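I opened the model to look up its metal site, its ligand pocket and its backbone outliers. My notes follow in that order.

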Amino acid sequence: MTVLQLPIIDISGLTCQRNNSSDVVAQQIKQACQDYGFFYIVGHGVDEQLQTQLEHLSQEFFAQDQETKLKISMALGGRAWRGYFPVGNELTSGRPDLKEGIYFGSELKDNHPLVKAGTPMHGRNLFPSNIPQFRETVLEYIDSMTKLGHILMAGIALSLDLDKSYFAERYTKDPLILFRIFNYPPNLGSQSEWGVGEHTDYGVLTILKQDNIGGLQVKSKSGWIDAPPIPGSFVCNIGDMLDRMTRGLYRSTPHRVRNLSTSNRLSFPFFFDPNFNVEVKPIDLKDVVVKDDQSDRWDKASVHEFRGTYGDYLLKKVSKVFPELRQKVL
Ligand SMILES: O=C(O)CCC(=O)C(=O)O
Ligand SMILES: [Fe+2]
């Protein structure tokens with residue numbers, strides 16, 4: 001039996017000046033997006049020390065008692081949709097996930113135009129005030145990953161034979177950035193509980209940092225495969241909006257997580273998505289025929305029939321994930 005493995009791409013060629021170096025990377029991205037919708041990246045240049053610090057501070061946060069963690073409860077985050085949620089509060093396909101976590105995003109002041117306009121998912125973050133450096137570390141990480149997101153989107157544009165600024169000019173110059181830190185407790189004997197049930201991501205690009213525990217699985221064309229941790233790498237996957245833009249050439253691939261170890265698992269998904277108010281349209285790609293996969297999609301929804309802004313799409317999805325908060329926030 002051959003064990004399928006997701007491709008590993010060294011993306012350093014996207015930022016160096018060597019001849020053709022970005023074309024070589026773009027070709028690898030194209031292959032990976034068509035075959036899997038998922039790939040690992042190395043050679044990304046994100047500071048190791050910053051990542052280690054983020055992991056340590058996150059462990060420190062989750063090790064606290066529930067009451068302390070609830071001091072930054074999501075219920076206090078209002079329309080910005082930020083803060084902590086306890087195990088069982090987030091649903092995937094209507095079922096509670098076996099995970100707790102904190103939602104973050106770009107740190108926007110109250111006088112930012114989108115915040116003043118009351119745009120959902122925009123605003124200030126909630127940070128634990130009792131853990132020194134937590135705020136600084138998360139904001140620095142968001143900053144580094146935003147830069148990486150721009151580099152990768154240029155690579156994805158090249159992979160589709162588009163100008164490297166194609167996505168930046170239309171969708172991601174001012175991206176919607178959401179960042180989460182999840183803690184998946186061990187299953188403790190019950191085999192059936194998913195940390196996150198099968199789903200696809202909503203936007204264009206997710207860049208995931210995971211610790212050394214493992215548990216992420218990806219639905220490849222020939223069945224579920226593991227995406228184990230690889231030191232120094234991030235796991236990238238494309239979301240529904242890139243699936244829509246490429247008419248299904250680049251698929252937003254379903255994935256899920258189950259922590260079968262006896263320790264907690266930390267993961268750090270970073271979502272680099274289109275601007276909230278921009279309408280997402282198909283790219284004029286030669287020779288691509290839309291193959292709508294509505295019937296085998298996890299939520300039976302068609303990304304190709306959707307019309308509207310990214311914000312419309314996102315809010316519809318998110319209100320299913322946190323039904324309790326929907327009333328309060330939207
Ligand atoms: O924790 C992980 O490994 C993946 C999380 C995920 O799929 C998500 O947040 O969309
Ligand atoms: Fe996901």
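**Entry 1: the metal.** I count as donors the N, O and S atoms within 2.8 Å of the metal; water is not among the atoms, so a site may look incomplete. I also keep in mind that this is a predicted model.

I looked up the iron ion (ligand 2). His-199 and His-255 each coordinate the iron ion through NE2, and Asp-201 does so through OD. The distances run from 2.1 to 2.2 Å. Along the chain I read the donor spacing as H-x1-D-x53-H.

Then I checked burial for two of these donors. His-199 has a relative accessible area of 14%. Asp-201 has 7%. The cut-off for buried is under 20%, so His-199 and Asp-201 both count as buried.

**Entry 2: the ligand shell.** Which residues are around ligand 1? I listed Phe-182, Tyr-184, His-199, Asp-201, Leu-208, Leu-216, His-255, Val-257, Arg-265, Ser-267, Pro-269 and Phe-271. The iron donors His-199, Asp-201 and His-255 thus appear in this list too. By class, I get 7 nonpolar, 3 polar and 2 charged residues in the shell.

Next I went through polar contacts to oxygen atoms of ligand 1. A polar side-chain atom of Tyr-184 sits 2.5 Å from one such oxygen. For the side chain of Asp-201, I note 3.0 Å from an N or O atom to a ligand oxygen. For His-199 the corresponding value is 3.1 Å. Ligand 1 taken alone exposes 300 Å², and the protein buries 94% of that.

Which elements give two or more residues to this shell? They are strand S7 (176-184), strand S13 (255-257) and strand S14 (265-273). S14 supplies the largest share, 4 residues.

**Entry 3: positive phi.** I looked for residues other than glycine with a positive phi, and I noted two cases.

Gln-133 has a phi of about 75°. I find Gln-133 in the loop between helix H4 (113-116) and helix H5 (134-159). Its relative accessible area is 44%, so Gln-133 is partly exposed.

Asp-161 has a phi near 60°. Asp-161 belongs to the loop between H5 and helix H6 (166-172). Is Asp-161 buried or exposed? I read a relative accessible area of 70%; exposed means over 50%, so Asp-161 is exposed.

Note on methods. Residues numbered from 1 in each chain as written. Chains lettered and ligands numbered in written order. Predicted model: local features only at pLDDT ≥ 70, side-chain atom pairs only at ≥ 80, totals over all residues. Heavy atoms only, no water. Donors = N, O, S within 2.8 Å, 3.2 Å for Na, K, Ca; no water. Buried < 20%, exposed > 50% of the residue type's maximum accessible area, 1.4 Å probe, protein only. Near = heavy atom within 4 Å. Polar contact = N/O pair within 3.5 Å; in protein donor to acceptor, adjacent residues only side chain to side chain. Areas by Shrake-Rupley, 256 points an atom, 1.4 Å probe, with all protein chains shown as cover. Nonpolar A, V, L, I, M, F, W, Y, C, P; charged D, E, K, R; others polar.
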